[in-house]
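User: I'd like to walk through this model with you, one question at a time. Can you keep it casual and show how you get to each answer?

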Amino acid sequence: MSSYWHPFADSHAVTAGGELSIVRGEGSHVFDADGRRYLDATASLWYCNVGHGRAEIADAVAAQMRQLESYSTFADLTNPPVQVLAERVAAMAPVPDSKVFLTSGGSDSIDTAAKMVRRYWHLRGEPGRTVLIRRERAYHGMHTGGTSLAGIPANAAGHGPLITDVVEVPWDDADALASTIFELGARAAAFFCEPVIGAGGVFAAPPDYLAAARKVCAEAGVLFVADEVITGFGRTGEWFASGRWDLAPDLMTCAKGITSGYLPLGAVIAAPSVWEPFFAEGAGMWRHGYTYSGHAAAAAAALSNLDIMEREELLARAVDLEATLTEALGPLAQHDLVSEVRSGVGVLAAVQFDPSAIEADPALPRRAVPALRKNGIMTRMLASGAIQISPPLVITDDEVDELAAGIGAALDDVG
Ligand code: PLP
């Protein structure tokens, strides 16, 4: 039995069934310790946008580490890659003149945003605005703030009371959001929103929902936080989904695609309306930040990753892939075990097992993962009982066909 305690795992089952070690990656494929090759249907955990095995990023990180691995950026300290990255990300942000607060990952970004929201209202003289609003099905990471914002009940269960000033709204109803905000009155602080719900099952918002929800928040003076940890950095064909849907969020949380996962890094991007009170004379020190906020080597990885995305025009490729994935995966909806295939918004899709098939055979989703691996597809099941599809943006059309064929064969095997 190994000493490694696996995250998001049934540890008893892993101990009984054994581990699978992934030792190498190349483009859209990864390889296990026995040399078996798998198509990476999920870009690992939604992050490897530029694909695996990019020596160029490794070289950029090594060069930075030889110069300076990192150094604190607390108070007035900084380092060159962090300065360049902040300018570059701010220039991409949908709201001009944004500021970039760096973190170690998505959960850090969410908890930073949650604290930023409350501190913002404190500085604005409305400290009673503490309530955070989440959507059902939401996934906002696993720190205490993010777990409190979990719209997937199982993700919060068994930890006792977390942050209690959290209210849930339906995932698809802007009128319900408006009513909730009205009821909360001067307690409503912010609305957290994934432009496309990811871990909750890949649910694109109904047409007009995002614009309507944004308008509701703007009119009520409640902060709109776009959680772009998955959608940021290209996955919906623009740098940010907020740009695609013209959301002009007050805050955006990011991670994953900013480095394509070559090193851990997250960011919170704040519009001027939010950062100004923090920067005002007399606001004082905001006692928040992480040891690895502004990690120099992680910033170097991000810069190299963004160079690749621009040079290889991966935003345009993502736009093409939206249709390509839909066309290739669509026929899987005819399979007896499948109730629907959700796709068509970004390089994101889900093959949903029919709830009645799961009811008849509750082990079905669990059996699907090994069957998919046997057919050369590396993926996982999402909370809704769906197969996650979020491949690297460098996936080729032939590889998309390989993906659809592998999933089809696995469905036949488990059926
Ligand atoms: N927010 C969203 C929408 C996510 O999908 C995730 C992770 O998948 C997070 C936040 C948390 O990010 P991390 O796992 O990097 O902490």
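User: Let's start at the N-terminal strands. In S2, what is the bridge partner of Ile 22?

Analyst: Keep in mind that this is a predicted model. Strand S1 (residues 22-26) pairs with S2 in the antiparallel sense, over four bridges. Ile 22 sits in that S1 stretch, and its bridge partner in S2 is Asp 32.

User: Which glycine in the turn between S1 and S2 has a positive phi?

Analyst: S1 and S2 make a hairpin, and two residues separate the strands. The turn residue with a positive phi, about 60°, is Gly 27.

User: And on the other side of the story, which residue in S3 is the bridge partner of Val 30?

Analyst: S2 also pairs with strand S3 (residues 37-40), antiparallel and over three bridges. That hairpin has four residues between the strands, and Gly 35 takes a positive phi near 85° there. Val 30's bridge partner in S3 is Tyr 38.

User: Are the residues on the two faces of strand S2 buried or exposed?

Analyst: Look at one side of S2 (residues 29-32) and you find His 29 and Phe 31; on the other side are Val 30 and Asp 32. Both faces are covered, and those four residues are all buried.

User: Moving to Ala 43, is it buried or exposed?

Analyst: Ala 43 lies in helix H2 (residues 43-46). It has a positive phi of about 50° although it isn't a glycine. Its relative accessibility is 0%, and the cut-off for buried is under 20%, so Ala 43 counts as buried.

User: Val 202 has a positive phi too. Where is Val 202 located?

Analyst: Val 202 isn't a glycine either, yet its phi is about 60°. At 5% relative accessibility it counts as buried. As for its place, Val 202 is in the loop between strand S8 (196-197) and strand S9 (203-204).

User: Now the seven-stranded sheet. Which strands stand at its edges?

Analyst: The sheet is open, with mixed pairing and the order S4-S12-S11-S10-S7-S5-S6. An edge strand has a single partner strand, so one side of it is left without a neighbour in the sheet. That fits strand S4 (99-103) and strand S6 (166-169).

User: How much are neighbouring strands of that sheet turned against each other on average?

Analyst: This is an average over neighbouring strands, with direction ignored. The value comes out at 20°.

User: Which residue in S7 stands opposite Leu 132?

Analyst: Strand S5 (residues 131-135) and strand S7 (residues 188-193) run parallel, and three bridges join them. Leu 132 falls within S5, and the residue opposite it in S7 is Ala 190.

User: There's a smaller topic I'm curious about: the three-stranded sheet. Which residue in S16 stands opposite Ala 350?

Analyst: That open sheet has the order S13-S14-S16 with antiparallel pairing. Its edge strands are strand S13 (338-342) and strand S16 (386-389), each pairing on one side only. Strand S14 (residues 349-353) pairs with S16 over four bridges, and opposite Ala 350 in S16 stands Gln 388.

User: On to the ligand. How much of the area it exposes when taken alone does the protein bury?

Analyst: A polar backbone atom of Gly 106 is 2.9 Å from an oxygen atom of the ligand, while a polar side-chain atom of Ser 107 lies 2.6 Å from an oxygen atom of the ligand. A polar side-chain atom of Asp 227 lies 2.7 Å from a ligand nitrogen atom. Taken alone the ligand exposes 390 Å², and the share of that buried by the protein is 82%.

User: By class, how many residues of each kind does the shell around the ligand have?

Analyst: The residues around the ligand include Tyr 139, His 140, Glu 194 and Lys 256. Sorted by class, the shell has three nonpolar, five polar and three charged residues.

User: Which backbone oxygen does the side chain of Thr 147 reach?

Analyst: Thr 147 lies in helix H6 (residues 144-148) and counts as buried at 6% relative accessibility. Its side chain makes a 3.1 Å approach to the backbone oxygen of Met 142.

User: Last one: is Pro 153 buried or exposed?

Analyst: Pro 153 lies in helix H7 (residues 153-156). Its C-alpha atom is separated by 36 Å from that of Ala 297, 144 residues apart along the chain. Its relative accessible area is 65%, and exposed means over 50%, so Pro 153 is exposed.

How values were computed. Residues numbered from 1 in each chain as written. Predicted model: local features only at pLDDT ≥ 70, side-chain atom pairs only at ≥ 80, totals over all residues. Heavy atoms only, no water. Pairing = 2+ DSSP bridges. Near = heavy atom within 4 Å. Polar contact = N/O pair within 3.5 Å; in protein donor to acceptor, adjacent residues only side chain to side chain. Areas by Shrake-Rupley, 256 points an atom, 1.4 Å probe, with all protein chains shown as cover. Nonpolar A, V, L, I, M, F, W, Y, C, P; charged D, E, K, R; others polar. Buried < 20%, exposed > 50% of the residue type's maximum accessible area, 1.4 Å probe, protein only. Axes fitted to C-alpha atoms, helices over the stretch in contact; angles between N-to-C directions.
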